[in-house]
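Please look over the structure shown below before reading on. The notes after it are arranged by topic, so that each part can be checked against the picture.

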Amino acid sequence: MAKKKKTTTKKKASGFKKPNLNFTRKQKVIFGSFLILFGIALLVAFTSFLFNWKVDQSTLSQLSDRSVETQNWMSKFGAGISNFFIYKGFGVAAYSIAVLVSLTGFYFFFGMNKTNLKVFWFWGVLVMIWFSTVLGFFANSNALLGGMIGFETNDFLQDYLGFAGTILLLAFILIVYLVARLNITPEVVAKYFHKTKNEVAEDFDEAQQQSSTFENEENSSTTNQSISVNNFDNSSSNSEETEAELAIKFEQKEEGQESAAIQHEPEDKNALNEAENATATPEVKSPVKEKIVIKSNDEEDVAMEVETAEEEEEEDSLSKKIVKDFGEFDPTLELSNYKFPTIELLKDYNAGGSSITIDQQELEENKDNIVNTLKNYKIEIAQIKATVGPTVTLYEIVPEAGIRISKIKNLEDDIALSLAALGIRIIAPIPGRGTIGIEVPNKNASIVSMRSVVASSKFQHAEMQLPIALGKTISNETFVVDLAKMPHLLMAGATGQGKSVGLNCILTSLLYQKHPAEVKFVLVDPKKVELTLFNKIERHYLAKLPDSEEAIITDNTKVINTLNSLCIEMDHRYDMLKDAMVRNIKEYNEKFKARKLNPEDGHKFLPYIILVVDEFADLIMTAGKEVEMPIARLAQLARAIGIHLIIATQRPSVNVITGMIKANFPARIAFRVTSKIDSRTILDSGGAEQLIGRGDMLYTQGNDLVRLQCAFVDTPEVEKITEFIGSQKAYPDAHQLPEYESEESGTGLDIDVDERDKLFTQAAEVLVTAQQGSASLLQRKLKVGYNRAGRLIDQLEAAGIVGQFEGSKARQVLISDLVALEQHLNNE
Ligand SMILES: Nc1ncnc2c1ncn2[C@@H]1O[C@H](COP(=O)(O)OP(=O)(O)OP(=O)(O)O)[C@@H](O)[C@H]1O
């Protein structure tokens, strides 16, 4: 069974590579310009052929003879190729070929998405054949029109379908073209005519109103009277109809207070015209509008327009048009030749044999031991089942009715003793299974190779944003999780238990699935050796601060700037999301790819950013609480905007993994730890102290604990992968994070006088009076925070008022009294 699985996964892995038919940018420009010019040459030759074909045709058989002259503007080449395409080919419809060739040239030259090109060629050739067949009807009067192919096709169709049949077939093809290619449906045509009708009516109204305004102006004194008479006449002659019309009018009045045109009685014609003009102005822009005409009593039409066009729809159709013309935005275009690492770069640790090494005898022995031990404590078993995993075997037992589960749980040590094995874990009961699980380590644990998990179909076909193949479960299934869903991961384990391998496994998974345009890593490696290999992919996958030289941060003091910079990036991304009216990075990028967001408004494709901290305890110790705040902020807010944190630590103590950190890292991985307390700190439950090490781990994402064997990826394998990626064309530099100005950055000794703190003079007076240069004194007296007090001291030192930093002692005050201070400050 296991072997069978293996062969299928291998097949899938080998089918993973895509053939590479891409040109480099230079090749595209050269090839593109050739095609454009070739297309133009064809146009020139074809046009000339139309005038000179009769003369040139007699020379065609002697084209190889240099002395023979042709009339074509492109000489022998022009005459030959035109004869081929026009006379022997498609007639005048052959112009399509020249246009299509030039168009192809443009696509290559400007590096545009070529999917549209295929569509152009398909329809272009179809139109050409259609035209030449239609023109084939006139072959007798002019052989050039339809060309030989047009004539023959026409002739062929007429033989089988007759004249009428051929015409009907050609008409059908025309309809297919109009509907499928040009989207011209009966509705569209009807809409167009409706629109034109409206426009004519509108013009007519306008003209009428203008003439009546003119009349109005001339007879201003008499008009009111005549209208009132008209009103009277109308209402008396046609009272029912008028009532109904008036009712509509008043309704409109009540609902649409803003419509001045309706509120005014027709006697105020100037106002009416003005109002109408005002409402008419936006009409010009609105693509769809509906007109309700309400007749008034004086035979004049009061038109109210209801505009139904929405700007967003217009934008939508604009983006659709851009997508139609250029295809969706492709973030990978800049590195379009990028090749994903191949599976061969990973080592197959189980080559030549099955990955499971437990033998039948071991299984039997363990089973007997478990049954006997439980029997000794008077626990009878109704059923027992074994599932063999890569490092441990799970024995699931169903005890006889009436046995208390806590009784079995308490026997953990006794069972371990009887099996003479470390790392026995009892899960009582197994959630959702109704059994009790006893995990017993295999005598010969087998390695779960990274190769096997990367090649697994579960990973290959994972429909996840950031898929990570962590390893294999106890039932030997590949375990794949989505980092984007976690959304942050906390990893802990004692030294040498597999943390670094685990981190490499996560990073490798992402390298196998994500293009450099889609994901960027920010790596913090205080141990300086663990992540150095990833330096090779700096310009592909890493992100760094603009002014830093190294992309991998090994100096803890620099981490604070990076974290704050990530916070700025986070805020910026939230603004972009808000602007785009989407809720998360996935929707944002989809909208951007569909060209619904304008890059000129600051929108761009957002890669996922993954922050990896290899030794968090070390970071907290050196950089202190200052790192905790931005980490907690990122962890709380960054999930929607694609910034994910992976934090690993050797020392899972409560002062490192604080409540604030824990609350925001629901996904946790525990490798073997030394005590139950550590296990509780990471997982909120025991169990990690009973693991056997070497990548044996427990994973939780807020609810159940899953025991996994972490996939093993060795340093040489990572090196090969990074070398493979690093040797390919890269971006000019690592991804730039936003610049961050640290609060302390202005505290050099060359502080500008203008940049001094507002409390500078007050601070100087406090220290000179007390003759004590201490920051805490300033904090107390001026009620300022520690940072500001520190900055003030630096400024006072720069001004020569206090002396240099002297460790634990307070700084010396260099000015004796307030008078001297005043003098000192005046002399500056
Ligand atoms: N998944 C695994 N499968 C098999 N062996 C493993 C696995 N993970 C780790 N090991 C073994 O354990 C050793 C130590 O692993 P790793 O370097 O990852 O430990 P670590 O927890 O990072 O230690 P430290 O904290 O001291 O850096 C590896 O060299 C390897 O031999």
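The points below take up the ligand, two sheets, a pair of helices, the annotated spans and two backbone details.

This is a predicted model, in which local features need pLDDT of at least 70 and side-chain atom pairs count only at pLDDT 80 or more, while totals for chains, interfaces and linings use all residues. Residues are numbered from 1 along each chain as its sequence is written. Helices (H or I, at least four residues) and strands (E, at least two) are DSSP runs, numbered from the N terminus.

**Around the ligand**

- The ligand is surrounded by 14 residues, of which Gly498, Lys499, Ser500, Gly695 and Phe712 come nearest; a residue counts as near a molecule or strand if its C-beta atom, placed from the backbone, lies within 6 Å of it.
- Helix H18, covering residues 499-513, gives the most to this shell, with three residues.
- Sorted by class, the shell has four nonpolar, eight polar and two charged residues, where Ala, Val, Leu, Ile, Met, Phe, Trp, Tyr, Cys and Pro count as nonpolar, Asp, Glu, Lys and Arg as charged, and the others, Gly among them, as polar.

**The sheet of nine strands**

- Strands of a sheet pair through backbone hydrogen bonds, either parallel or antiparallel.
- One open sheet has nine strands in the order E8-E7-E16-E15-E14-E9-E13-E12-E10, with mixed pairing; two strands pair if DSSP finds at least two bridges between them.
- Its edge strands are E8 and E10 (519-524), each of which pairs on one side only.
- Within this sheet, E9 and E14 (residues 667-670) run parallel and are joined by four bridges, and Leu489 stands opposite Ala667 in E14.
- Helix H22 packs on the sheet, where it touches E10, E12 (608-613) and E13 (643-649), and its direction makes about 90 degrees with that of E13; contact requires C-beta atoms, placed from the backbone, within 7 Å.

**Helices H20 and H22**

- The axes of H20 (residues 556-580) and H22 (residues 616-623) come within 9 Å and cross at roughly 95 degrees; axes are lines fitted to C-alpha atoms, for helices over the stretch in contact, and angles run from 0 to 180 degrees between N-to-C directions.
- H20 is therefore roughly perpendicular to H22, a label that applies from 65 to 115 degrees, whereas angles under 35 degrees count as roughly parallel, over 145 as roughly antiparallel and the rest as oblique.
- Asn556, Thr557, Val559 and Ile560 of H20 make the contact with Asp618, Leu619, Thr622 and Ala623 of H22, and these residues divide into four nonpolar, three polar and one charged.

**The sheet of four strands**

- Another open sheet has four strands in the order E3-E4-E6-E5, with antiparallel pairing, and its edge strands are E3 (381-388) and E5 (425-427).
- E4 (residues 392-399) and E6 (residues 436-441) pair over six bridges, and Thr393 has Val440 in E6 as its bridge partner.

**Annotated spans**

- UniProt, in an unreviewed entry, places the feature "transmembrane region" at residues 29-51, 84-108, 120-140 and 160-180; its positions follow the numbering used here, feature names are shortened, and annotations may be inferred rather than shown by experiment.
- Residues 29-51 are 100% helix, with end C-alpha atoms 34 Å apart, whereas residues 84-108 are 84% helix, with end C-alpha atoms 26 Å apart.

**Backbone details**

- The peptide bond from Met486 to Pro487 is cis, with omega near -10 degrees, and Pro487 is found in the loop between E8 (478-482) and E9 (489-492).
- Ser75, found in helix H3 (residues 75-90), has a positive phi of about 55 degrees although it is not a glycine.

Notes:
Two residues are in contact if their C-beta atoms, placed from the backbone, lie within 7 Å.
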